[in-house]
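Student: I would like a close look at the aromatic pairs in this model, and then at the nonpolar packing. Please take them in one connected account.

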Amino acid sequence: MLGLSQIELASRAGISQGTLSKVELGIKEASDELLLKLAEALLCPKSFFFQAEREYGPPMSAHPMFRKKTTVGSKVLDRVIAEFNVRIAHLRTFLESVDFLPELPLPQYDVDDFGGDPEEVADAVRRAWYVPRGPIRSLTEYVERAGCLVVPCNMESAHIDGVSYRIPGLPPIIFLNKAQPADRLRFSLAHELGHLVMHLCPHPEMEHQADQFAAALLMPRADIGPDVNGLTLERAASLKPVWKVSMAALIVRATTIGRLDPNKAQYLWRVMSARGYRLREPLSCDFPAEQPTLFGALITNLTETMGYTENDLEKALHLQYSELSEMYGLKSKQHALRLVR
């Protein structure tokens, strides 16, 4: 999680790189003294090295995405995957003390059963969740009610918007890059939901299908059509806080469903570029980001309901409190902790 190279870790631990290399390869057994040095260097207790939790690689949907990120070094991606693994282990601990009972189904659909059309799948999900027509007020609320854990993370350095995991014994998990603006967060959440609903196995079109699903889920053709007919840039700006999607997403959707002439769309894209809106849309039409509550409630259950102290959390989660504080926004309150929202 700290992103240290082998050379950097050996230096911080006060050992030779050769010794560290042999330990990592299983050639040399790590003594208690060596483990203590490594634990101090990595800001974790020795128990961190003896966890039974297995290690998980990149999620299924992320493999093609990771390959495209040639500008991001493998060290950065490895650090992000390491953080996913730590958080997954923590989630297993959080869930041990609660009864986790979703109130909505999380459908599993084969897109081929819907004529290969992700839009039809999105419509089926809205019907399964009894979503009213029009904009979804809070997609995060629906996703959490369906039993998914939405976990905000800092993935800005890796330029990853979101990833999702289906792990036996755990609810579906969606990690989102909290550095994104609210509109992109929502679309990323819908995209990852698309993977969970449609993709049990990887295939070449899965990213495109997840984008189609997300657009249709957030902007159903029949509902948004009249709003984006002959869309203008000013109209897109006014619709953004209503539909809670970006102006760019509105332009794409209007074009896709035949409500915006392709030539007019090209003109809007040129104006967007000239005004710098392709990089950052106007602040005046921003809306508040949706906030997950389920994950925070799991932490609060330990810190407030069950009275876990800083020392208790360090032992249960196998990280020093300073690391846990940074990951989960915790702070001291006498001998207990509470979640800062």
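Tutor: What follows covers the aromatic rings, then the nonpolar cores, then two backbone positions.

This is a predicted model, in which local features need pLDDT of at least 70, side-chain atom pairs count only at pLDDT 80 or more, and totals for chains, interfaces and linings use all residues. Residues are numbered from 1 along each chain as its sequence is written, and side-chain values use heavy atoms, with hydrogens and water left out.

A pair of aromatic rings is described by the distance of the centres and the angle of the planes. Rings of Phe, Tyr and Trp (its six-membered ring) pair if their centres lie within 6.5 Å; planes under 30 degrees apart count as stacked, over 60 as edge-to-face and the rest as tilted. By this rule there are 8 aromatic pairs. One of them joins F94 and F295, edge-to-face, at 6.0 Å centre to centre with 65° between the planes. This pair links distant parts of the chain, since F94 belongs to helix 5 (residues 74-95) and F295 to helix 14 (residues 294-305), 201 residues apart. Helices here are DSSP runs (H or I, at least four residues), numbered from the N terminus. F94 counts as buried because its relative accessibility is 1%, and F295 is buried at 7%; buried means under 20% relative accessible area, exposed over 50%, and partly exposed in between (1.4 Å probe, protein chains only).

Y109 and F114 also make an edge-to-face pair, because their ring centres are 5.2 Å apart and their planes stand at 65°. Y109 is partly exposed at 23%, and F114 is partly exposed at 24%. F84, Y165 and F175 form one aromatic cluster.

A nonpolar core is a set of buried Ala, Val, Leu, Ile, Met, Phe, Trp, Tyr and Cys residues joined through side-chain atoms within 4.5 Å. The largest such core has 53 residues, and the members touching the most others are W129, V143, L217, M219, L231, L250 and I251. Helix 8 (residues 182-198) gives the largest share of this core, 7 residues. Beyond its neighbours within four places in sequence, L250 has contacts (heavy atoms within 4.5 Å) that include M219, I224, V228 and L231. Another core, of 34 residues, lies apart from the largest one and has F84 and Y56 among its members.

Two backbone positions remain. Y130, not a glycine, has a positive phi of about 55°; Y130 sits in the loop between helix 6 (118-128) and helix 7 (139-145) and is exposed at 69%. K244, not a glycine, likewise has a positive phi of about 55°, and K244 lies in the loop between helix 11 (233-243) and helix 12 (247-256).
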